[in-house]
Each structure stands twice: as C-alpha cells, then as structure tokens.
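Trainee: I have just opened this model and would like to go through it slowly. Where should we begin?

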Amino acid sequence: MPEWPLWEVFVRPRRGLSHTHVGSLHAPDAALALRNARDLFTRRQEGVSIWVVPAAAITASSPDEKDSFFDPAADKVYRHPTFYEVPDGVQHL
Amino acid sequence: MSGFGFVLGLGDDALVAAQRLAQWCARAPELEEDVALANIALDQLGAARLLLGYAGELEGEGRDEDALAYLRTDREYRNVLLVELPDRDFAVLMAKLLFLSAWQRLRYEDLAAGDDERLAGIAAKAVKESAYHLDHSALWTVRLGDGTDESHARMQRAVDEVWPYTHELLAEAPHLRANWLSTVDGVLAEATLRRPDDGWRPGGGRDGRHTEALSYLLAEMQVLHRAYPGARW
C-alpha cells in the first residue's frame with residue numbers, strides 16, 4: 001500500500017489568536033486529515049479551529065541558504081525601532 | 001425510571017463495542033487511524049461505565065460497573081449480536097460502526113429527551129460522541145465503497161454480512177427505524193453500495209444467546225480481573 005501523504009496541522013488555541021503549527025500527520029485526503037488532526041492534536045481542548053495543509057504544498061527555505069537568507073539582517077541595527085524617544089505615559093507601544 | 005435489563009443492554013452494547021474497537025489499536029492501516037479508533041473505543045467505554053454503574057444501582061444488589069463488566073458470563077451479557085461480531089476486515093469494522101453509531105445517535109437523542117433524568121444526562125453526553133463516530137465511519141464507508149474495485153467489493157461484502165444483524169438493533173425502538181434507514185441509505189448511496197435485501201434476522205443477544213465470538217472477547221477482557229480480583233494500577 002502506498003503511504004498516505006503528509007499533512008501539516010495548524011491549530012488556533014482560542015478566538016483572537018493565530019493558527020499555530022502543531023505537527024504533522026498522514027491521511028489519504030483533506031477530510032480525513034482534518035479528522036485525524038482533531039483526534040491527535042485537540043484531545044485536551046487545545047483548539048477551536050484546525051487547518052490542514054498538504055506538506056507538499058509548502059515551499060520552505062533551505063538550510064543551505066541560511067547564510068545568505070538570514071545573516072545579512074544581523075548587523076542592521078537601524079531596522080530595529082530603538083532610536084525613538086518614548087514619551088512618558090505611553091503604555092502600549 | 002428505566003429497568004435494570006434495559007440499561008444493562010445499552011451498557012453492554014457500548015462495552016462490547018469498546019472492546020472490539022480497542023482490538024484494532026496498533027492494527028489499523030496507519031498510526032492515525034489507530035488513534036482515531038482508540039478514541040472512539042474510549043468514548044464507548046465512557047458511556048458503558050456510566051450505563052453499567054446506573055444499571056447496578058437500579059438492580060440494587062450491590063454490583064458496581066466492575067462487577068457487571070468483569071464478573072458476568074457470556075450468557076449474562078445483554079448486548080446485541082452486531083457489536084460482538086469479529087472484525088475480520090477493516091471494512092467489517094466500518095460497516096458495524098456505521099450501523100451502530102447511526103443507531104446510537106438516534107437512540108441517545110431519544111433518551112436525552114426522556115423522563116429518566118439520570119439516563120437523559122448520560123445520553124446527552126454520548127450523543128455528540130455518536131455523531132462523531134457516525135461521521136468517521138461514514139467517511140470511511142464512502143472511501144472504501146467508492147474506491148478501488150477491491151475496496152468496493154470488500155465494503156459491499158461487509159455491508160451484506162452485517163446487515164442481517166441490524167434488525168435486532170432496530171427492533172427495540174421501531175419508531176426510529178425510518179430515520180436510521182435514511183441516514184444509512186444516504187451513506188450507502190454516496191459509497192455506491194447496495195443496501196442488502198431484508199431476509200435472515202438473527203437475534204437473541206438481549207436474552208443472553210450469543211455467538212461464540214463473545215466468549216473469546218470476554219475471556220480476554222476479564223482474564224486479569226479473574227486472575228487477580230480487584231487488581232489496580
């Protein structure tokens with residue numbers, strides 16, 4: 001039997017929060033992937049909404065490209081908004 | 001107020017179904033299905049515990065859920081034959097679960113609105129679980145029925161084999177039969193499966209007359225308690 005395809009699972013813990021990646025699973029199709037995700041990842045009331053995405057549909061950055069992708073950001077301190085004076089009394093910034 | 005025998009029958013249906021489902025753990029086609037079936041088994045077990053506990057109180061002879069589950073012989077079990085049938089094939093498991101969960105959902109819905117408050121409480125909790133069991137078995141029935149030639153043939157064979165045993169299930173509450181048939185017919189049609197003709201109607205489970213499959217099932221389920229009475233971990 002050919003192995004079932006892999007699906008990535010995202011769960012929204014509660015209303016107002018984003019869906020977060022929680023793991024992956026095997027399922028023959030999307031409907032069953034959703035149900036398997038329900039059984040595997042929301043057994044203890046971890047969520048109110050589930051997304052499943054075929055793992056094959058995800059384009060990921062390659063570990064080999066780590067240097068060119070991410071390192072150039074390391075010395076660009078001016079990208080961090082740390083040079084502003086924060087006025088007194090501002091609570092949510 | 002319900003009778004001891006009636007509640008015992010409902011509890012035994014759930015308990016024997018739970019034990020059969022649990023036998024699939026680590027034997028399903030994929031790990032994910034192992035977990036799904038174990039979840040369903042635990043739902044059934046949860047309902048069985050509540051029902052048997054209540055049955056014991058109705059009987060009033062001091063038997064608790066464990067005494068009823070572990071210390072009765074096959075002749076004292078009151079489950080319908082359908083739940084004890086061996087699952088020789090994954091398709092047989094799904095046919096049984098489809099027929100049973102479609103029935104339990106209607107039955108529990110009915111009882112949840114009934115006069116017996118204790119039973120209504122148990123049923124109200126179980127009805128959502130039954131809806132999920134129905135969803136799971138319906139999805140699989142459709143995928144196998146409307147799948148390959150091989151899966152279609154095996155799913156049809158399973159439906160044919162299990163169908164006669166649904167009569168015993170339905171006999172207890174004939175007013176739910178039409179509703180049950182429309183649910184099951186819908187799934188079978190989507191699965192491109194044929195509903196078998198009504199013919200042979202095996203029964204007797206509610207009177208303690210079972211197939212030999214139940215004896216093996218109980219032997220495995222009860223062996224620990226009989227060897228080490230009251231064992232805990």
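Mentor: Let us begin with a term: two strands pair if DSSP finds at least two bridges between them, and the elements themselves are DSSP runs numbered from the N terminus, with helices being H or I over at least four residues and strands being E over at least two. Please keep in mind that this is a predicted model, in which local features need pLDDT of at least 70 and side-chain atom pairs count only at pLDDT 80 or more, while totals for chains, interfaces and linings use all residues. Residues are numbered from 1 along each chain as its sequence is written, and chains are lettered from A and ligands numbered from 1 in the order in which they are written.

Trainee: OK, so over how many bridges do S1(A) and S2(A) pair?

Mentor: Strand S1 (residues 6–12) of chain A and S2(A) pair over six bridges in the antiparallel sense, and within that pairing A:Leu6 stands opposite A:His26 in S2(A).

Trainee: And how many bridges join S1(A) to S3(A)?

Mentor: Six bridges join them, and those two strands also run antiparallel; here A:Val11 stands opposite A:Ile50 in S3(A).

Trainee: So what order do the strands of the open sheet have?

Mentor: The order is S2-S1-S3 in chain A, an open sheet of three strands with antiparallel pairing. Its edge strands, each pairing on one side only, are S2 and strand S3 (49–54) of chain A, and from one strand to the next the twist averages 30°.

Trainee: Which side chains along S1(A) are buried?

Mentor: A residue is buried if 20 or more other C-beta atoms (placed from the backbone) lie within 10 Å of its own, exposed if 12 or fewer do, and partly exposed in between. Along S1(A) the side chains alternate, so to speak, between two faces: A:Trp7, A:Val9 and A:Val11 point to one face and are buried, whereas A:Leu6, A:Glu8, A:Phe10 and A:Arg12 point to the other and are not.

Trainee: What lies across S1, S2 and S3 of chain A?

Mentor: That is H1(A), which runs at about 130° to S3(A); such angles run from 0 to 180 degrees between N-to-C directions, and the axes are lines fitted to C-alpha atoms, for helices over the stretch in contact. One residue to look at there is A:Ala37, whose place is in helix H1 (residues 30–41) of chain A.

Trainee: Why does A:Ala37 count as buried?

Mentor: A:Ala37 is buried because 25 other C-beta atoms lie within 10 Å. Two residues are in contact if their C-beta atoms, placed from the backbone, lie within 7 Å, and A:Ala37 touches A:Val9, A:Leu25, A:Ile50 and A:Val52, not counting residues up to four places away in sequence.

Trainee: Changing topic, how many residues of chain A are in contact with chain B?

Mentor: Eleven residues of chain A are in contact with eight residues of chain B. On the chain A side, the elements that give two or more residues are strand S2 (20–26) and H1 of chain A, and H1(A) gives the most, with six residues. That side divides into seven nonpolar, two polar and two charged residues, where Ala, Val, Leu, Ile, Met, Phe, Trp, Tyr, Cys and Pro count as nonpolar, Asp, Glu, Lys and Arg as charged, and the others, Gly among them, as polar.

Trainee: And how many helices and strands does chain B have?

Mentor: Chain B has ten helices and zero strands. Its C-alpha atoms fill a box of roughly 55 × 40 × 30 Å, taken along the principal axes, and buried residues make up 42% of its 233 residues.

Trainee: Which residues have the most contacts inside the largest nonpolar core?

Mentor: They are B:Leu51, B:Leu82, B:Met94, B:Leu98 and B:Phe99, in a core of 74 residues; a nonpolar core is a set of buried Ala, Val, Leu, Ile, Met, Phe, Trp, Tyr and Cys residues joined through C-beta atoms within 7 Å. The largest share of this core, 14 residues, comes from helix H5 (residues 90–112) of chain B. Leaving aside neighbours within four places in sequence, B:Leu98 is in contact with B:Ser137, B:Ala138, B:Thr141, B:Val184 and B:Val187.

Trainee: Last one: where is B:Ala26, and is it buried or exposed?

Mentor: B:Ala26 is in the loop between helix H1 (4–22) and helix H2 (31–59) of chain B, and B:Ala26 is exposed, with 8 other C-beta atoms within 10 Å. B:Ala26 also has a positive phi of about 80° although it is not a glycine.
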